[in-house]
Amino acid sequence: MARRQCWGDTVAIYKKPEKRVHRGFYYLNDETVINSLSAVEAGKVDEVVAKVNSSREGGFGGGAGFQGAKIEGGKKSTSAFEEEIVRTRTRFSIFELWYQNLVTSKAIGQFRGWGQDALEDVDPGDTVELRASLTVVPLQAMFRMFLWFANLAKSPGHMFSQKGDELKTTKESERNIRMLVGDADEMEFVVIAKPVGNAGPIVAMQLADRWMIGNVGHLSGHYTVVGQVDQVLTDGDEVPTMRLIREAPPTPLEVNTLGDIVEPFIEPASAFGVSVSRDDAAIKGPGLWLTPIAIFR
């Protein structure tokens, strides 16, 4: 039986924190954050970068300036690992400044629950925050599983190794899939968000691997999502979850073609326990298409 403790005049099993300071980031597009904050608070951005850089052993030295903010310290070479630590610390610090700036300025839309009328006052360009459970679109989850397998198939000496025609077929499939999801350094995938509350419009967003902090395979449970509204989808609107022609806006023909491409994967996906359908080729309205900026707990 749980032991109860007294907090003031009430008896409770758990005392909630009064403020949430720690954020466990899963995704953070710090480039967008820096550009946005720099437009209104450039000095604060420079100050954070300078303080984080000067706090590490050695610093950049020589009293070098970073747009008005001085960085002191002895001039020592630093390893790539140390540089990455500095960059990571900086991106988290700048996010906090940016986020608090939005809150203070009342510049962020927040959903209190969810339902059929949730998007009534939402406009493209709004910066919004919502709590939701996240899942990768099944077809893209399967593609990522196959790319993992295809990479292993090329190396000898283990249970996934392939040779001859079998390996040739795998490589051909890999090339076709990469046309849809992008090369390794620019891979993107679509995530469906189910906001906390009642049933309502779908919420979807495209995440880029380059901004990932967590592992895609660990994406489960509820998160806080901060993003900018790209489109408010109405009945009949569609946004493709993959692109064949990235240099031009999507067309109905492209969406239909993607549906045709999906069909051959439906049966193989079931062998992996993944339920794939033609509908995975596009997100259909009513719904919300977000440009994600941060995902955290």
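This report walks through a predicted model, from the whole chain down to a few single residues.

Some ground rules come before the details. Numbering starts at 1 along each chain as its sequence is written, and side-chain values use heavy atoms, with hydrogens and water left out. Local features need pLDDT of at least 70 and side-chain atom pairs count only at pLDDT 80 or more, while totals for chains, interfaces and linings use all residues.

**The chain as a whole**

The protein chain has 5 helices and 13 strands; these are DSSP runs numbered from the N terminus, with helices being H or I of at least four residues and strands being E of at least two. Of its 297 residues, 38% count as buried. Buried here means under 20% relative accessible area, exposed means over 50%, and partly exposed is in between (1.4 Å probe, protein chains only). The accessible surface comes to about 17,600 Å², and carbon and sulfur atoms own 52% of that; such areas come from the Shrake-Rupley method with a 1.4 Å probe, and for residues only the protein chains shown count as cover. As for contacts (heavy atoms within 4.5 Å), 70% of those in the protein chain with a separation of 6 or more are between residues 24 or more positions apart.

**Four residues side by side**

| Residue | Place | Relative accessible area |
|---|---|---|
| Phe265 | helix α5 (residues 252–271) | 23%, partly exposed |
| Glu120 | loop between β6 (109–110) and β7 (127–136) | 61%, exposed |
| Thr127 | strand β7 | 16%, buried |
| Lys106 | loop between α2 (80–104) and β6 | 77%, exposed |

**A closer look**

Leaving aside residues up to four places away in sequence, Thr127 touches Trp98, Leu102, Ala107, Ile108, Gly109, Val226, Gly227 and Gln228. With sequence neighbours set aside in that way, Phe265 touches Leu139, Met142, Phe143 and Ile177. The C-alpha atoms of Phe265 and Ser275 are 10.0 Å apart, with their positions 10 residues apart along the chain.

Glu120 belongs to a surface patch of negative charge, along with Asp117, Asp121 and Asp123. Patch members have over 30% relative accessible area and no salt bridge, and like charges are joined within 9 Å. A salt bridge would be a side-chain nitrogen of Lys or Arg within 4 Å of a carboxyl oxygen of Asp or Glu.

Two backbone details round things off. Lys106 isn't a glycine, yet its phi is positive, at about 55°. Gly285 and Pro286 are joined by a cis peptide bond, with omega about 5°, and Pro286 sits in the loop between β12 (282–284) and β13 (287–296).

Terms used. Patch = residues over 30% accessible without salt bridge, like charges linked within 9 Å, V, L, I, M, F, W, Y side chains within 5 Å. Lys, Arg positive; Asp, Glu negative; His and termini not counted. Charge placed at Lys NZ, Arg CZ, Asp CG, Glu CD.
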